[in-house]
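Q: I am new to this structure and would like a close look at a single part of it, with the surroundings filled in where they help. Could you take me through it step by step?

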Amino acid sequence: MSLEIRNLKKCYGDKTVVDNLSFTMKEPGVYALLGTNGAGKTTSIRIILGMLASDGGEVLWNGKPLDPLEVNVGYLAEERGLYPKYTLEDQLLYFAKLKKVSRKTAQERIRIWAEKLGVEEYIYTEKGAKPKTADQLSKGNQQKIQLMAALLSDPELIVLDEPLSGLDPVNSDLFKAIIKEEIANGKYLIMSSHQMPTIEEFCSDITILDRGKAVLQGNLNEIKRSYGRCNMLLKCEEDITPYLNRAEGLLSVEESPDAYKIRVAGADAANSLLRTLLDHQVSVIRFELREPSLHEIFVEKVGGNHEV
Amino acid sequence: MRYKLDERLRGWREVYAFSALQSLKSKATKITTVIFCVIALFSLPVFTLIMDNDDAHAIDALDIKTIYYYDESGFSILDGMNTALEGGRLSGAEVIKLNSADYDRKILAMESAEYGEADILCHFLISNETGYTLRVAFPKSESVSELDANDAAAEIAAVFHDMIFITSGLPEDEISSLMEPIEYELITDYIPADGNDSTVDVGSDDMSEINVNRQGLTMAEYGVSYACILIVMIFVAIFGEMIATSVVTEKANRVTEYLLTSIRPLALIFGKVLAGLTVMLLQFATIAASLVCSVYIENAISGRDGLPPYLSQLFSEESIASFTPLRVILAVVVIIFGFLLYGTLAGLVGASVSRVEETTEGLKGFTFVLMIGCYLGLANTIYSMFDAGSLLFWLSMLLPISSPFVIPAYLLIGRVSTPIALGSLAVLMISFILLSIFVANVYEGMIFHNGSRLKLKDILQLSRKEAHHESK
């Protein structure tokens with residue numbers, strides 16, 4: 001199985017909100033769509049899922065145009081949606097029925113997921129008690145019900161738009177465990193998130209969108225490698241300002257109470273500075289040379305003036 | 001991706017089943033149904049009790065002992081008034097004829113506050129200008145109440161009217177014909193003097209209906225069609241509000257976004273409208289069943305069989321004869337398509353707003369169209385009392401916004417021919433299909449719109465854009 005997005009384009013009037021977006025998923029895993037608010041992530045997702053018509057390009061699933069009426073897709077939208085006044089079981093059964101899941105299978109799956117997500121008490125009430133409606137649930141519990149709705153049909157392709165937003169650390173870990181389980185089950189996932197550590201935890205490939213355009217694309221590890229080990233953390237017992245002033249290849253120096261955060265041109269510059277310090281009997285307490293984080297790459301690519 | 005019609009409709013059954021079930025479970029549906037049923041169940045018994053009370057009052061003998069009269073009309077038969085009043089509310093009263101001098105004395109005596117007799121004094125007059133006049137005097141002391149005096153005057157005047165015809169020497173059947181109001185009809189086709197047209201089969205159903213159409217509506221027909229139009233309008237308004245609210249709720253709660261990963265917008269709106277229609281028809285049927293029960297309760301109270309007289313009088317023999325199963329089905333189908341048309345329009349209105357609290361504002365356009373349709377139907381009903389084949393008649397019959405109100409009403413009173421009703425239904429069905437295609441095209445774009453309410457101009461722009469997509 002494979003997912004291929006080719007030159008997607010969407011315009012609203014004169015404004016191009018998705019501009020020639022292309023990427024491919026050749027094997028199961030998580031693909032990340034990143035970008036600032038209004039970068040075109042949700043619009044791209046809606047086009048991929050066939051909800052919105054594009055102004056150009058195509059979405060291929062196994063080499064054929066992806067038809068959401070045929071392909072089993074699961075979707076957790078950024079802005080969550082449940083019927084506030086209907087009982088939870090009624091709406092979950094309805095969503096499953098729309099995905100052509102039989103009532104019996106749906107009921108079994110609801111029970112399994114409810115147990116896994118710890119929401120049985122809201123779905124199954126005691127005899128005689130009134131079943132709970134969505135508006136009686138907390139935001140986090142509503143999100144769990146929505147995740148259940150997205151996964152009830154055991155979809156091949158899962159699209160999660162900001163799956164962890166608004167969750168407390170415990171529920172966040174619960175969601176992460178479920179995502180890992182889906183990856184292990186060989187599912188294709190597209191994830192959009194503003195939480196960069198989460199993306200780094202799950203995603204092998206990424207696209208960073210800025211004003212509808214892909215400004216950075218590819219395998220996350222390769223992208224990081226291409227930047228090189230250019231972030232240095234340095235902590236010494238003595239004042240090292242004179243050495244820093246004289247050193248070559250330092251792009252920026254930021255002093256913090258804990259350590260110096262130094263951006264270097266390359267590993268050679270970092271090693272040269274370390275050698276100088278050691279030669280001058282400076283006590284080096286901490287020396288760390290690493291690749292840039294996704295957060296740093298993101299900020300560099302889309303600029304710090306955007307709301308992230 | 002372009003979809004065929006069956007693909008665009010795939011999943012409508014699931015939407016229909018879920019929406020219908022949830023609507024039936026909702027408190028609002030239960031409460032409105034119960035209220036309407038209670039009204040329907042007790043309407044006829046209560047109405048009968050009120051009417052019987054009035055009738056009982058109407059047949060009470062009037063508390064009048066003597067009727068004095070002075071005759072200047074010249075009708076000697078007034079001497080037999082005593083006999084003519086028998087069987088009526090004045091049958092126990094004595095009738096005494098007075099001459100001019102006695103009349104003057106009597107009327108002066110009745111002016112006295114001490115006059116204690118239950119008498120009235122009638123003065124029959126005739127003039128070239130005003131025709132016959134009956135002047136009735138009753139005692140100032142109110143030994144006869146004004147209400148009784150008024151009822152007595154009405155009864156004596158009616159008897160006097162009959163007696164005028166009796167003096168003409170005409171037989172009774174001719175007199176009863178003379179009593180009927182004179183109706184006229186305008187014709188353009190040749191009809192021989194004997195009433196049988198050798199070229200046109202006047203006995204055929206359609207021709208007789210067309211002849212009927214050229215006559216004005218009677219008061220009873222006007223009342224029935226007016227009530228029918230209003231009832232359908234009320235149900236269409238409730239139905240429209242239900243559909244619009246349902247669409248806005250789904251949109252505002254972001255459920256639509258999830259649903260559109262499984263089905264197309266056309267299936268969503270189609271299933272929703274049909275579900276609303278089912279709920280409405282079930283409510284309609286429940287209320288109709290309550291009305292039937294109401295007839296049985298009324299029969300048990302009044303001791304009569306069948307429809308109470310005040311209802312059966314509303315339907316002419318022609319309308320009852322024209323109430324064939326085909327025309328009943330036709331009326332129901334027209335109502336159903338009317339609901340579908342207005343429901344689809346309400347769905348469009350629902351998709352044009354983003355928040356539930358904006359629904360009322362969004363429904364303004366829907367209400368405007370509904371009012372135009374309904375008022376056109378009512379205007380036609382009023383105008384049809386004078387001219388039943390006018391331009392207004394054709395306009396209200398054929399315009400899809402008014403025909404769902406007018407056609408069922410006119411089928412009920414037998415004032416529209418089957419071919420006209422079928423033609424109107426065809427126009428209605430085509431309009432519904434065209435509107436559904438338009439709504440399905442713009443719904444997708446509208447459903448993801450957030451912010452201020454979309455205006456008609458924006459919706460038309462969306463439609464053009466979708467048409468452009470389709471052509472690519």
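A: Of the 472 residues in chain B of this predicted model, 43% are buried. Chain B has 19 helices and four strands, and among its contacts between residues at least 6 apart in sequence, 77% join residues at least 24 apart.

A residue that illustrates such contacts is Val224(B), which belongs to helix H9 (residues 219-252) of chain B. Val224(B) has a relative accessible area of 9% and is therefore buried. Leaving out residues up to four places away in sequence, Val224(B) touches Leu314(B), Phe315(B), Leu412(B) and Ile413(B). Another residue to set beside it is Leu311(B): 87 residues separate Val224(B) and Leu311(B) in sequence, while their C-alpha atoms are 9.7 Å apart in space.

Leu412(B), one of the residues that Val224(B) touches, leads on to the largest pocket, because Leu412(B) is listed with Cys228(B), Ile231(B), Phe284(B) and Leu291(B) as lying nearest the centre of that pocket, out of 32 lining residues. The elements of chain B that each give two or more residues to this lining are helix H3 (27-59), H9, helix H11 (265-302), helix H13 (317-321), helix H14 (325-352) and helix H17 (403-412). The volume of the largest pocket is about 1400 Å³, and its lining divides into 30 nonpolar residues, two polar residues and no charged ones.The second largest pocket, with a volume of about 1200 Å³, has a lining of 39 residues, and those nearest its centre are Lys85(A), Tyr86(A), Gln22(B), Ser26(B) and Lys27(B). Two or more lining residues come from each of helix H2 (88-98) of chain A and helix H2 (12-25), H3, H9 and H11 of chain B. H9(B) provides the largest share of this lining, with eight residues. By class, the second largest pocket is lined by 13 nonpolar, 15 polar and 11 charged residues.

Enclosed space can be considered next. The count comes to five cavities of 30 Å³ or more, and the largest cavity holds about 90 Å³ of space. The largest cavity is lined by 13 residues, and the closest to its centre are Tyr75(A), Ala77(A), Gly81(A), Gln146(A) and Tyr258(B). At least two residues of that lining are supplied by each of strand S6 (73-76) and helix H5 (139-151) of chain A and helix H10 (255-259) of chain B. Seven of the lining residues of the largest cavity are nonpolar, two are polar and four are charged.

Charged side chains deserve a look of their own, and Asp71(B) is one to start with. Asp71(B) sits in strand S1 (residues 66-71) of chain B. Although Asp71(B) is buried, it has no salt bridge, and Lys97(B), the nearest side chain of opposite charge, is 5.2 Å away; a salt bridge would need the nitrogen within 4 Å of a carboxyl oxygen. Apart from its neighbours within four places in sequence, Asp71(B) is in contact with Leu78(B) and Phe124(B).

Elsewhere, charged side chains do pair, and over all chains the structure holds 27 salt bridges. One of them joins Asp258(A) and Lys235(A), with 3.7 Å from N to O. Asp258(A) lies in the loop between strand S12 (250-255) and strand S13 (260-264) of chain A, and Lys235(A) in strand S11 (residues 231-236) of chain A, so this pair ties together parts that are 23 residues apart in sequence. Asp258(A) is partly exposed, with a relative accessible area of 40%, and Lys235(A) also counts as partly exposed, at 29% relative accessibility.

A further salt bridge in chain A is formed by Arg290(A) and Glu288(A), whose closest N and O atoms are 3.8 Å apart. Arg290(A) is partly exposed at 30% relative accessibility, and Glu288(A) is partly exposed at 28%. In chain B, Glu298(B) forms a salt bridge with Arg304(B), where the closest N and O atoms are 2.7 Å apart. Glu298(B) is buried, with a relative accessible area of 0%, whereas Arg304(B) counts as partly exposed at 26%. Back in chain A, salt bridges that share partners join Lys235(A), Asp258(A), Arg286(A), Glu288(A), Arg290(A) and Glu296(A) into one network.

Conventions
Residues are numbered from 1 along each chain as its sequence is written. Chains are lettered from A and ligands numbered from 1 in the order in which they are written. This is a predicted model: local features need pLDDT of at least 70, side-chain atom pairs count only at pLDDT 80 or more; totals for chains, interfaces and linings use all residues. Side-chain values use heavy atoms; hydrogens and water are left out. Buried means under 20% relative accessible area, exposed over 50%, partly exposed in between (1.4 Å probe, protein chains only). Lys and Arg count as positive and Asp and Glu as negative; His and the chain ends are not counted. Contact means heavy atoms within 4.5 Å. On a 1 Å grid over the protein atoms alone, a cavity is a set of points where a 1.4 Å probe fits but cannot get out, and a pocket is an open set with protein on both sides within 12 Å along at least five of seven lines; lining residues have an atom within 4 Å of a point. Grid points are joined across faces, edges and corners, and a volume is the space filled by probe spheres set on the points. Ala, Val, Leu, Ile, Met, Phe, Trp, Tyr, Cys and Pro count as nonpolar, Asp, Glu, Lys and Arg as charged, and the others, Gly among them, as polar.
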